[in-house]
Amino acid sequence: MAMSSILNADDIKKALDAFAVADSFDHKKFFEMVGLKAKSCDDVKKVFTVLDADNSGFIEEEELKFVLKGFAKDGRDLTDKETKAFLRAADKDGDGKIGVDEFAALVKE
């Protein structure tokens, strides 16, 4: 499933452009800009499925680094600092990865 079938392609581009500079990524602003925050729980889960590249049921740190590429092929890689901050914000149970419920909670906060 393509991310553009869930979210507006123009919104995705604007959000990616807004965080094009390394160490500028802010997940709350990004999720709001791409329109994900306003989407239904089902749509948020669909986005999670796209980002879960290995279909493990979790977004691991290595997948998180490439999260912007999940929204568009030309998205940049997150820096290690951004990746770790994103993981800390989402990983409520401390297992080192983000489950679908943790992702949904992060998007909606």
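These questions and answers concern a predicted model and the annotated residues within it.

Visitor: Which residues does the UniProt annotation "domain: EF-hand" cover?
Guide: The annotation comes from an unreviewed UniProt entry, and it names two stretches of the chain. The ranges it gives are residues 39-74 and 78-109.

Visitor: How far apart are the end C-alpha atoms over residues 39-74?
Guide: In this predicted model, the stretch of residues 39-74 is 58% helix and 8% strand. From one end of that stretch to the other, the C-alpha atoms are separated by 21 Å in the case of residues 78-109, whereas for residues 39-74 the value is 23 Å.

Visitor: Where is D52 found, and is D52 buried or exposed?
Guide: D52 is one of the residues that the unreviewed UniProt entry lists under "binding site", and D52 lies in the loop between α3 (41-51) and β1 (58-60). Because buried means under 20% relative accessible area, and D52 has a relative accessibility of 5%, D52 counts as buried.

Visitor: Which residues does D54 touch, not counting residues up to four places away in sequence?
Guide: D54 also appears under "binding site" in the unreviewed UniProt entry, and D54 sits in the loop between α3 and β1. With a relative accessible area of 46%, D54 is partly exposed. Leaving out residues up to four places away in sequence, the residues that D54 touches are E60 and E63.

Visitor: Which residues does D52 touch, with residues up to four places away in sequence not counted?
Guide: The "binding site" feature from the unreviewed UniProt entry includes F58 and E63 as well as D52. Both F58 and E63 are among the contacts of D52 once residues up to four places away in sequence are set aside, and the full list is G57, F58, I59 and E63.

Terms used. Residues numbered from 1 in each chain as written. Predicted model: local features only at pLDDT ≥ 70, side-chain atom pairs only at ≥ 80, totals over all residues. Heavy atoms only, no water. UniProt positions renumbered as here; feature names shortened; annotations may be inferred. Helix = DSSP H or I, 4+ residues; strand = E, 2+ residues; numbered from the N terminus. Buried < 20%, exposed > 50% of the residue type's maximum accessible area, 1.4 Å probe, protein only. Contact = heavy atoms within 4.5 Å.
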